[in-house]
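Open the model in your viewer and keep the selection tool at hand. This tour goes stop by stop.

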Number of protein chains: 2
Amino acid sequence: MFVAAGSIISLVFAWIMFSRVKSQPEGTQKMINIANAIRKGADAYLKRQYKGVGLFFGIVFVVLFVLSFLGYLNHFVPFAFLTGGFFSALSGFIGMKTATMANDRTACAAQKSLNQGLRVAFSAGSVMGFVVVGLGLLDLSIWYFFLRYWYSNIEVITSESLMIQNITSNMLTFGMGASCMALFARVGGGIFTKAADVGADLVGKVEAGIPEDDPRNPAVIADNVGDNVGDVAGMGADLYESYVGSIVSTSALAVSAGLGMKGMAVPMLLAALGVIASIIGTFFVKTQENATQKMLLKSLRVGTYISAVLIAIISYFVIRYLLSEYIGVFYGVIAGLVAGALIGFTTEYYTSDTYNPTKALSKTSSTGPATVIIGGLSLGMISTVWPVIIVSTTVLVSFFACGGNVDTVLSFNRGLYGIGVAAVSMLSTLGITLATDAYGPIADNAGGIAEMSGLGEEVRERTDALDSLGNTTAATGKGFAIGSAALTALALIAAYISEIKTLSPSINFNLNITNPPVLVGLFIGAMIPFLFAALTMEAVGKAAQSIVHEVRRQFKSIKGLLEGTAEPNYESCVDLCTRSSQQLMILPAILAVVVPVLVGLILGVNGVAGFLAGTTITGFALAIMMANSGGAWDNAKKHIEAGNLGGKGSECHKAAVVGDTVGDPFKDTSGPAINILIKLTSMVAIVFAGLTIAFHLF
Amino acid sequence: MFVAAGSIISLVFAWIMFSRVKSQPEGTQKMINIANAIRKGADAYLKRQYKGVGLFFGIVFVVLFVLSFLGYLNHFVPFAFLTGGFFSALSGFIGMKTATMANDRTACAAQKSLNQGLRVAFSAGSVMGFVVVGLGLLDLSIWYFFLRYWYSNIEVITSESLMIQNITSNMLTFGMGASCMALFARVGGGIFTKAADVGADLVGKVEAGIPEDDPRNPAVIADNVGDNVGDVAGMGADLYESYVGSIVSTSALAVSAGLGMKGMAVPMLLAALGVIASIIGTFFVKTQENATQKMLLKSLRVGTYISAVLIAIISYFVIRYLLSEYIGVFYGVIAGLVAGALIGFTTEYYTSDTYNPTKALSKTSSTGPATVIIGGLSLGMISTVWPVIIVSTTVLVSFFACGGNVDTVLSFNRGLYGIGVAAVSMLSTLGITLATDAYGPIADNAGGIAEMSGLGEEVRERTDALDSLGNTTAATGKGFAIGSAALTALALIAAYISEIKTLSPSINFNLNITNPPVLVGLFIGAMIPFLFAALTMEAVGKAAQSIVHEVRRQFKSIKGLLEGTAEPNYESCVDLCTRSSQQLMILPAILAVVVPVLVGLILGVNGVAGFLAGTTITGFALAIMMANSGGAWDNAKKHIEAGNLGGKGSECHKAAVVGDTVGDPFKDTSGPAINILIKLTSMVAIVFAGLTIAFHLF
């Protein structure tokens, strides 16, 4: 009930924010035209994506249906799979619609004042944040009521705990739908945005010599569409999945930890109360005119921190009331909240040019592109240290504080439940966290529109301030997404094992790391993130090539284009990006779904558990490395462009551009894709658990 | 006895080869002068390295001595540590002496014919190979006889199996000495060689505009010294460690698998018989004049394959005789041999420009350095797939074929013993494998000497053919080193666990991957290779900077240097490289030794086991990626230099050079360093097992 209420509050708040943004003026006709072109492009992308996704979901649905018909899967699974995908897609759809609507409105509001601009962009970001949270909770509520009603009417279900078990294990499976959708949105969007970006730059800036964001460039709209497609819809679907996955898996663990209905209620309540804490937090996001970047950042931070403190206080009373014997669970909540803030901070430290690492990286440009690459790679690699320590500490604190120990199965599971609670608490303030994150691409596009439509110097300065802040929040948002994905994945692995034990209590579990199937699973799991990163990077390269050819063709065949007397064909570039991004992500998508099943069929459940652990630990390190290397290269370039080391056009700048180009697929395609990968593999493993038990070689 | 005999045969053979090389003519006075300069540089490097290493070994010895005095370690440990380091250093020393002696002799022999050149270079490589094997077996024999004699005279030791257990667990600890020495040789050498290479190129080629390998460049001798220091001495110490580590750990596993004295004899016999098989193999290495690169490669391959087939045949009879009940162990031998060959082949496939991946990589240079970097990174990432599958298959085959299953501790350990046997068998033909590998840098330097001393066109063509072949064998050698390191590390982890069980039979082992200390260990273990790679890459950058300054200084202050009328000061560059490489490796070395101890003190034995597994699985993938990316970038550049895509000096070539420069520390410093890391951490964990049992937080 609480969850349903939280869902409704969240959606209503999103609706209010949406209306507020919609009521803002759109600006000049030129601004409206550009914004319309971006909207049209985004719609075209979504339309084609849903076609491709529909086909994929159709095929997987049939496979799941056949398997459930043969008795290897529960018969709800295929439908849960569909709803998970549907709600994930819906939140991406709404978020993107709002974002494309807010682009020009933000630019227009920035004409009045910096604070106005910030409010509009942030409100639009909030729509995304609260829609994701609201739909996530809605999906949870619907299935919960449905399953509870269903199982209450079956006589076989005798005990309450058995009923909860059945409910949670069914609910877990809709995570796979959300996961698959997230994969398409995040990876497809990531390929799209970087292909357009790289393609536009290579021909427009380098060959034709026209500036960035110039309306004569046929790929410029695709570039802007990409920001919305990758960073808004993709990020939303990614975190939707983490959010729902962590709540359901923790609820499932509550059952195996012997905490019953109350233990199951805690993560759900945390999520529902998080909605209210987030809403309160959003009211603190405002700034004065002439605010420095530091002050802007502080204003966003204040909102996030207030939400976190609120949820910490409320959770104490909730846990004291519901799980008075296990007050240690409260430390799990605190651990999750602190970890979220700290990971965000380390990301900022390594990627912002206000700190030493990125400053030092920009200096390596004086000895050419090779040293920039080496410097950026080692920066990214070193930046994995703190997040690993933070996540490790969170795991230990939340496990042991919740009374976890290896003495009995029950006490062990209680500790695992604690890890799940930490994941949920980290994600409980997702509404506002995602708002500060989705705000970034909106401000970015507002800047683009301001530039393309020739608004005044002052306006551009304001949108630049907002945009620059957006880069920082995007980087910390990525850190947060990766950290929460790792904790969610751990909760999912634990849920996988308890799911297997439920399905087949007599199974011979041996998760000893020296057991060869586990060991081989670990090896294969550690390799998959590398393979996935490589495939997505190559996809960006290939898609960018097709854009290069199209832009060259238009420059040649459309007369008067470079002189500004003829319009380029924006749609063809958007269409090309859409098509190639959808085509090129088929292989990674198939891999992510098929490999866990294959590993299960060959190595059995022990191998799958090892595989999931291997993917999580290596994927975590690799995703952080790629995100932070990419972010640091980007900001090192910006640091030089701001007038340091010779500024724009110098040899240093050229070297830094090489780093930035390498970093683009790193931070916006491969890194985030690994995020999805580590959760999706766990989800697939859970769904196909029955099949793995029935058939396996070792 | 057999082992001692194998050791003596190996050392005698190495001596014969050494004499044969020494009896070759040295060539013209100019050649002798250059060779002398390289020798002097190498000696200077070794002298200073041994000073630094001496200090490090002294400190660790004192720490170990105090710990053994307090009863946390066996009292043989500090001494075993020293002998391991001593023999490892000695094999590096002899190998390098031979290599520097053979440089000019190979160039001189190539004046006569291609076959003569190949024979001299290969003979010199053989010295290295058989010295490593011989000294490894010698160290094993000495300790075995000593401990056996010692324990036979103690009344406490009542049973044979207890005695063997004591012997093997003591012998395991000298691996840590070998490991530390390998770290210094490999990482220090890797930093040295790449700093000299990059420094020489940046000032000489780019700034002063003089060709590569030009005697006017003060860093040119340091560059040549580096080849010997990194690729000969470093590679030798690396494989010495794998060789000894795999034999001892497998012997230790024989005890816990209940296979007794006979089970212990099998790995030792395999190693001893491998010496003979390797010697026979070397006689098949020869070629005709006008041989193509393919034929040259074939001639080296024939030798290796003949050795492998011989050892396969002999091992069948050995196992049938000694372990007639467990004939499945034979399949472990086969699995190891096949895996060694296959990993070498996949490395060649991904890094040689006769295959598609590197050809495709060279084409990415047409769109600039950024695409070369992205292409090379994804090539390296994708190239991890097959090695992981090969190692995984080897683990499964050798475990299950040896009768391994999870039913009883004994049968489980029998399977682990099988994995150890696979590692030993892969390394059994190390004599000839290492010979083909160490041959590379000798041929490389011979080419350099031929060029510097102005030998005829025909000679240079021959040394180029030998050098080009050397690049391929170096790449396959790296693949082999990584593959064997992974298997050795697995055997060491298994040995670690059985060591703990011996020391403290009542200990509460829970290696379940969901047990938080194991999980956190996995996380930290997965992060360490990234950190290590970053630190070593940064070290190369810093050391190269110091060379750049020194070369610039000499060009300015020594009058007539660029005109060729004055001699540069080669020694100062060598000295600078030596000093900075020794300084900059202190931090990585400390990390590699301290982190496993720290993890043990915090997370206990379960955490250490997770840590070792995490380091091994991620380190394996990362090391392969870095080695193959680097190799492919190198050969893509060479492919362009051979006249493709515009050839030398074209825009494509410039882009490819960026890739090659990034690849240098990848393939010659960080990748190989990770190799050592995954074994050294296991060794340290074994040595400090007693301390971990006594003190741990969780």
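Helices here are DSSP runs of H or I with at least four residues, numbered from the N terminus. With that numbering, select A:Gly454, just after helix 14 of chain A. A:Gly454 takes a positive phi of about 65 degrees. Keep in mind throughout that this is a predicted model.

**Stop 1: helix 14 of chain A**

Step back into the helix itself, residues 430–452 of chain A. Helix 14 of chain A has 23 residues. From first C-alpha to last it reaches 33 Å, close to the 33 Å expected at 1.5 Å a residue. Is helix 14 of chain A mostly covered or mostly uncovered? It is mostly covered, with 23 of its 23 residues buried.

**Stop 2: its partner, helix 8**

Add residues 293–322 of chain A, which form helix 8. The axes of helix 8 and helix 14 of chain A lie 9 Å apart, and the two pack at an angle of about 165 degrees. Angles over 145 degrees count as roughly antiparallel, so that is how helix 8 and helix 14 of chain A run relative to each other. Their crossing is left-handed.

Now show side chains. Which residues of helix 8 of chain A meet helix 14 of chain A? They are A:Leu300, A:Gly303, A:Thr304 and A:Ser307. Across from them sit A:Ile432, A:Thr433 and A:Thr436. By class, this contact has 2 nonpolar, 5 polar and no charged residues.

**Stop 3: helix 11 of chain A**

Select residues 369–382 of chain A. The 14 residues of this helix should span 20 Å at 1.5 Å a residue, and its end C-alpha atoms are 20 Å apart, which agrees. Helix 11 of chain A is largely enclosed by the rest of the structure, because 14 of its 14 residues are buried.

**Stop 4: where the chains touch**

Color by chain. The contact takes 59 residues from chain B and 60 residues from chain A. On the chain B side, elements giving two or more residues include helix 11 (369–382), helix 13 (409–428) and helix 19 (651–687). Helix 16 of chain B gives the most, with 16 residues. The chain B side holds 43 nonpolar, 15 polar and 1 charged residues.

**Stop 5: two helices in chain B**

Finish with helix 15 (457–503) and helix 18 (586–641) of chain B. Their axes come within 10 Å and cross at roughly 180 degrees. That makes helix 15 of chain B roughly antiparallel to helix 18 of chain B. Among the residues that helix 15 of chain B brings to this contact are B:Asn471, B:Lys478 and B:Tyr496. Helix 18 of chain B brings B:Phe620 and B:Gly631, among others. The contact divides into 17 nonpolar, 4 polar and 1 charged residues.

Key
Residues are numbered from 1 along each chain as its sequence is written. Chains are lettered from A and ligands numbered from 1 in the order in which they are written. This is a predicted model: local features need pLDDT of at least 70, side-chain atom pairs count only at pLDDT 80 or more; totals for chains, interfaces and linings use all residues. Axes are lines fitted to C-alpha atoms, for helices over the stretch in contact, and angles run from 0 to 180 degrees between N-to-C directions. Angles under 35 degrees count as roughly parallel, over 145 as roughly antiparallel, 65 to 115 as roughly perpendicular and the rest as oblique. A crossing is left-handed if the near helix is turned anticlockwise from the far one by less than a right angle, and right-handed if clockwise. Two residues are in contact if their C-beta atoms, placed from the backbone, lie within 7 Å. Ala, Val, Leu, Ile, Met, Phe, Trp, Tyr, Cys and Pro count as nonpolar, Asp, Glu, Lys and Arg as charged, and the others, Gly among them, as polar. The expected span of a helix is 1.5 Å times one less than its number of residues. A residue is buried if 20 or more other C-beta atoms lie within 10 Å of its own, exposed if 12 or fewer, and partly exposed in between; C-beta atoms are placed from the backbone.
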